[in-house]
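Student: Could we go through this one by asking what each label rests on? I'd like to see the values set against the cut-offs.

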Amino acid sequence: MQKYYETDNITLFLGDCIEILNRATPQSVDMIFADPPYMLSNGGITCQSGKVVSVNKGKWDESKGIDEDFEFHNTWIKACKRVLKPNGTIWISGTYHSIYACGFALQKNGFKILNDICWFKPNASPNISCRYFTASHETLLWAKIDNNEKHTFNYELMKNGNWSEDFIKKPEKQMRSVWAIGTPKSYEKEFGKHPTQKPLELLRRIILASTNKNDLILDPFTGSSTTGIMALELGRRFIGIDLEKEYLDLSIKRFEQIFSKKEKAWQ
């Protein structure tokens with residue numbers, strides 16, 4: 001199990017997440033954020049920044065059929081369960097193409113689903129076929145493995161924190177399960193972009209909600225490591241895994257930009 005990149009609080013692995021997780025230390029991770037392939041690369045088209053573009057993202061995003069796709073989700077979720085601490089939690093993001101399979105796999109592996117979150121995208125792309133409702137949200141599942149263990153939920157911070165960018169969240173009111181968060185801002189793609197890149201603000205909320213300082217966070221499909229960037233910013237430790245060298249190299253550029261800024265601040 002060879003490390004691709006390592007600093008004091010960041011470790012990146014290049015390879016298959018299932019193989020790597022099956023060799024990792026059991027019950028060592030406090031929280032997992034997973035953004036698995038949505039299996040959408042089917043030769044279709046979509047609208048992005050006002051342009052018609054292909055939906056194809058790579059071989060890793062091609063569907064192999066309902067049964068094989070489910071078995072893939074079931075297998076990586078089982079591998080994640082092995083490394084998660086008894087009081088740890090897992091977040092999974094997806095669209096209707098993948099999230100129901102992930103939810104079923106969670107239940108088959110003994111997880112308790114704590115919430116399903118509707119991540120509403122106020123600036124979502126339009127539907128160019130005009131044959132469907134415009135897809136303007138993704139679903140996040142939050143789950144834990146041991147009902148006898150108390151999981152981390154920073155309730156007061158969620159209720160009274162600074163969530164001014166979200167027009168749905170009302171000050172001093174409980175945070176609800178619908179979050180209005182825009183897609184990644186242009187500066188988040190400074191070194192290039194991953195085709196399913198998540199906004200920093202989304203991961204800020206997830207990490208602040210369900211972890212504490214110095215906790216270990218894992219992302220088995222790390223891509224450009226938005227999870228890791230926010231984990232570093234918030235004083236957590238991070239492990240990221242990806243099959244694609246291109247995206248790990250992009251991750252490293254993002255991490256090193258943070259290190260450079262911190263170094264200049266100390267000078």
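Tutor: Sure, and we start with the elements: helices (H or I, at least four residues) and strands (E, at least two) are DSSP runs, numbered from the N terminus. With that in hand, Gly 235 can be placed just after H6, where it takes a positive phi of about 80 degrees. This is a predicted model, where local features need pLDDT of at least 70 and side-chain atom pairs count only at pLDDT 80 or more, while totals for chains, interfaces and linings use all residues. Residues are numbered from 1 along each chain as its sequence is written, and side-chain values use heavy atoms, with hydrogens and water left out.

Student: How many helices and strands does the chain have?

Tutor: The count is 7 helices and 11 strands.

Student: What makes E1 and E2 a pair, and in which sense do they run?

Tutor: Two strands pair if DSSP finds at least two bridges between them. E1 (residues 3–6) and E2 (residues 10–14) have 3 bridges and run antiparallel, so they meet that cut-off. One of the partnerships is Glu 6 with Thr 11 in E2, and a hairpin of 3 residues joins E1 to E2.

Student: How do you know what E2 does with E11?

Tutor: Same test: E2 and E11 (residues 237–242) share 5 bridges, in the parallel sense. Leu 14 stands opposite Asp 242 in E11.

Student: Why are E1 and E9 called edge strands?

Tutor: Look at the order of the open sheet, which has 9 strands and mixed pairing: E1-E2-E11-E10-E3-E6-E8-E7-E9. E1 and E9 (178–180) each have a single partner strand, so one side of each is left without a neighbour in the sheet. From one strand to the next, the twist averages 20 degrees.

Student: Now the helices. Why is H5 called oblique to H6?

Tutor: Two packed helices are described by the angle between their axes and the distance between the axes. Axes are lines fitted to C-alpha atoms, for helices over the stretch in contact, and angles run from 0 to 180 degrees between N-to-C directions. For H5 (residues 200–210) and H6, the axes come within 9 Å and cross at roughly 55 degrees. That makes H5 oblique to H6, given that angles under 35 degrees count as roughly parallel, over 145 as roughly antiparallel, 65 to 115 as roughly perpendicular and the rest as oblique.

Student: Which residues meet where H5 and H6 pack?

Tutor: Contact means heavy atoms within 4.5 Å. On the H5 side there are Leu 200, Leu 203, Arg 204 and Ile 207, and on the H6 side Thr 226, Thr 227, Ile 229, Met 230 and Ala 231.

Student: What makes H5 an enclosed helix?

Tutor: Buried means under 20% relative accessible area, exposed over 50%, and partly exposed in between (1.4 Å probe, protein chains only). In H5, 10 of the 11 residues are buried, so the helix is largely enclosed by the rest of the structure. H6 is mostly covered too, with 7 of its 8 residues buried, including Gly 228 and Leu 232. H6 (residues 226–233) also lies across E2, E3, E10 and E11, at about 170 degrees to E11.

Student: How do you know that H2 and H3 are oblique as well?

Tutor: H2 (residues 66–83) and H3 (residues 99–108) pack at an angle of about 45 degrees, with their axes 9 Å apart. They are therefore oblique to each other. Among the residues making the contact are Phe 70 and Trp 76 of H2 and Phe 104 and Leu 106 of H3. H2 lies across E3 (29–34), E6 (84–94) and E10 (216–219) as well, at about 150 degrees to E6.

Student: Why is Cys 130 called exposed, and is Ser 225 buried or exposed?

Tutor: Cys 130 has 68% relative accessibility, so it counts as exposed. Ser 225 has 0%, so it counts as buried. Neither is a glycine, yet phi is positive at Cys 130, about 55 degrees, and at Ser 225, about 65 degrees. Cys 130 lies in the loop between E7 (112–120) and E8 (137–144), and Ser 225 in the loop between E10 and H6.
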